[in-house]
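Good morning. I would like to take the group through one part of a model, beginning with its internal space and ending with the strands beside it.

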Amino acid sequence: MAMFQIGQHTIDSQVILAPMAGVTDLPFRRLCKQLGAGMVVSEMVTSDTRLWNSRKSSYRLQKDTHNSLNVVQIAGGDPEMMAEAARANAANGAHIIDINMGCPAKKVCNKAAGSALLKDEALVKEILQATVAAVELPVTLKIRTGWDTDNRNGETIARIAEDSGIQALAVHGRTRACGYKGDAEYDTIARIRQAIDIPLFANGDINSPQKARQVLEYTGADAVMLGRPAQGNPWIFREISHYLQTGKMLPSPTAVEVRDTLLEHLSALYRFYGDYAGIRIARKHVGWYLKNNPGAERLHDPELFRKEFNQIEETEHQQDAIRSFFIVPGKADAAA
């Protein structure tokens, strides 16, 4: 398996979990790491440290004491604030600082952050240089291929990033204007590979082991980065890693493994958020699991079950419902 370095850190897998707001919280990051992700990245945190006392930010800033590599993503459009946010996260135990210039959400772009910054190459340079200078940690960057299909300046941004001291670059194969519509394109990523020497991660529409290998071969990227395809399917990391190493497909997780993993994921959510918030956050994850594991044997109609599950208000009842949903072999296992 090819490995690469980000600063002093060795990444031992070519499959990385992308940061996703409202998804890649600590319980989900830990699960994906256990199932083969070489690196996992936190939810995006605002660079305005004055807002870090909010409940949402406090959850996002919690580091995983079981993980030797804590990667924190920050977003903002002011170089001094980004530098301060990097310093604060370094003091809080981060090992790598990741800068978000890839988020297409209007509420982010309207604040001149995320992928909106790609329009202003001079400001990009200021932000990157200020953040890199602020900390001794490695700083990485996530971008899109450009602002819109007529302005794909990903190569220019990539060169600015490398010249500014950025130590790895992730590129989503869509422009800011594309949002998540249409197909990702990898030509720009392949050109970026020719333009820079730092580690490069290809992102966008990588939803199978075969697609991961195809994108790696086409772009020359060092790794693939997965976001939405991992929702409800954390096994995709080990499946891709195994395929890249051996050329062989792993079997899909059994109904028992899906059930047990989901039960543990829900328990982790309850512990992390508390029962009230954990119950509500569990609902969207369960919806993703049901959607993304069509092969798992079950006793009930998934859509009907999802609607019923979303009405449950107690942790024990949520877990009992999951246990009753899946068909499992043998009495001993069913009683587990």
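Two cavities of 30 Å³ or more are found in this predicted model. A cavity here is a set of points on a 1 Å grid over the protein atoms alone where a 1.4 Å probe fits but cannot get out, and its volume is the space filled by probe spheres set on the points, which are joined across faces, edges and corners. Local features need pLDDT of at least 70 and side-chain atom pairs 80 or more, while totals for chains, interfaces and linings use all residues. Residues are numbered from 1 along each chain as its sequence is written, and side-chain values use heavy atoms, without hydrogens and water.

The second largest cavity has a volume of about 70 Å³. Its lining, meaning residues with an atom within 4 Å of a point, comprises 13 residues, with Asp98, Thr140, Ala170, Phe201 and Met225 nearest the centre. Two elements, β8 (139-144) and β9, each give two or more residues to this lining, and β8 provides the largest share, three residues.

Let us turn to strand β10, residues 200-203 (strands being DSSP runs of E, at least two residues, and helices runs of H or I, at least four, numbered from the N terminus). Leu200 and Ala202 point one way, Phe201 and Asn203 the other, and all are buried, that is, under 20% relative accessible area with a 1.4 Å probe, protein chains only.

Which residue of β10 is the bridge partner of histidine 172? That partner is asparagine 203. Four bridges join β9 to β10 in parallel, where pairing requires at least two DSSP bridges.

Notes. Buried means under 20% relative accessible area, exposed over 50%, partly exposed in between (1.4 Å probe, protein chains only). On a 1 Å grid over the protein atoms alone, a cavity is a set of points where a 1.4 Å probe fits but cannot get out, and a pocket is an open set with protein on both sides within 12 Å along at least five of seven lines; lining residues have an atom within 4 Å of a point.
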